[in-house]
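New to this one? Here's a quick briefing to read alongside the picture.

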Amino acid sequence: MNILGDEGATKLAGVLPECSTLALLNLNNNQIGAEGAGKLAGVLGKCNKLARLDLSKNRIDDEGAEKLAGAMAKCTALTLLNLNSNEIGAEGAGRLAGVLVECRTLARLDLSKNKIGDEGAGRLAGVLGGCKALAHLNLSDNGIGDEGAGQVAGVLGECKVPDKLVWGSW
């Protein structure tokens, strides 16, 4: 674990626009919260080669997920987004769902070990049919019950045939 935190994420956000060829940004397990996620979100769209973004095991929560959602549509090369273990709830999942169809290259989305629940799963299900590139979706350990699972299962036929759909532990 590192302790980059919001302050370090803010400093990093100051130089990211100069990294025009950056393809992978791995900031997992750095204690980044909503504030730091917001600062990063403000510049991610300028990293036009960014294909893989790993912000897992931080403290991003619903507020940070909303800020990231605002930047995702600008990340036109993004193929992998890992937000596992970030305390994201139904509200944050809903904000992310609102932009997923605009992320035409996103093939892997990991939202495991959050607090999405049935409501968040339902919000995601509402857009999954439009996510044509999505081949790997991890929603494990989110408190999703029969209702949320049923909503997601109901739209899988509209999606690209996923090579991996994770509900439980690996």
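What follows is a short tour, from the overall layout down to a single residue.

Keep in mind that this is a predicted model. The chain has six helices and six strands, and nearly half of the story is about what is tucked away: buried residues make up 48% of its 170 residues.

**Overall layout**

- Walk along the sequence and you meet the elements in the pattern α-β-α-β-α-β-α-β-α-β-α-β.
- The C-alpha atoms fill a box of roughly 45 × 25 × 25 Å along the principal axes.
- A compact globule of 170 residues would have a radius of gyration near 15 Å, and because the chain comes out at 15 Å, the two agree.
- Of the contacts with a separation of 6 or more, 87% are between residues 24 or more positions apart.

**Surface and charge**

- About 7,800 Å² of the chain is exposed, with carbon and sulfur atoms supplying 49% of that area.
- On the charge side, there are 18 positive and 20 negative side chains.
- The centres of those two sets of charges sit 8 Å apart.

**The nonpolar core**

- The largest nonpolar core takes in 48 residues, and Leu-55 and Leu-83 have the most contacts inside it.
- The elements giving two or more residues to this core are helix 1 (5–15), helix 2 (34–44), helix 3 (61–72), helix 4 (90–100), helix 5 (117–128) and helix 6 (146–155).
- Setting aside neighbours within four places in sequence, Leu-55 touches Leu-83 itself, and its other contacts include Leu-27, Ile-32, Leu-40, Ile-60 and Leu-68.
- Three asparagines are also among the contacts of Leu-55, namely Asn-28, Asn-82 and Asn-86.

**Helix 2 and its cover**

- The buried residues of helix 2 are Ala-34, Gly-36, Ala-37, Leu-40, Ala-41, Val-43 and Leu-44.
- Leu-40, one of these buried residues, is also a contact of Leu-55.
- Cover for the buried part of helix 2 includes helix 1, helix 3, strand 1 (24–26) and strand 2 (52–54).

**A closer look at Val-99**

- You'll find Val-99 in helix 4.
- Is Val-99 buried or exposed? Its relative accessibility is 14%, so Val-99 counts as buried, the cut-off being under 20%.
- Beyond its neighbours within four places in sequence, Val-99 is in contact with Ala-69 and Met-72.
- Glu-63 lies 36 residues from Val-99 along the chain, and their C-alpha atoms are separated by 15 Å.

Terms used:
Residues are numbered from 1 along each chain as its sequence is written. This is a predicted model: local features need pLDDT of at least 70, side-chain atom pairs count only at pLDDT 80 or more; totals for chains, interfaces and linings use all residues. Side-chain values use heavy atoms; hydrogens and water are left out. Helices (H or I, at least four residues) and strands (E, at least two) are DSSP runs, numbered from the N terminus. The radius of gyration is taken over C-alpha atoms; the globule rule is 2.2 Å times the number of residues to the power 0.38. Buried means under 20% relative accessible area, exposed over 50%, partly exposed in between (1.4 Å probe, protein chains only). Contact means heavy atoms within 4.5 Å. Accessible areas come from the Shrake-Rupley method with a 1.4 Å probe; for residues, only the protein chains shown count as cover. Lys and Arg count as positive and Asp and Glu as negative; His and the chain ends are not counted. The place of a charge is taken as NZ of Lys, CZ of Arg, CG of Asp or CD of Glu. A nonpolar core is a set of buried Ala, Val, Leu, Ile, Met, Phe, Trp, Tyr and Cys residues joined through side-chain atoms within 4.5 Å.
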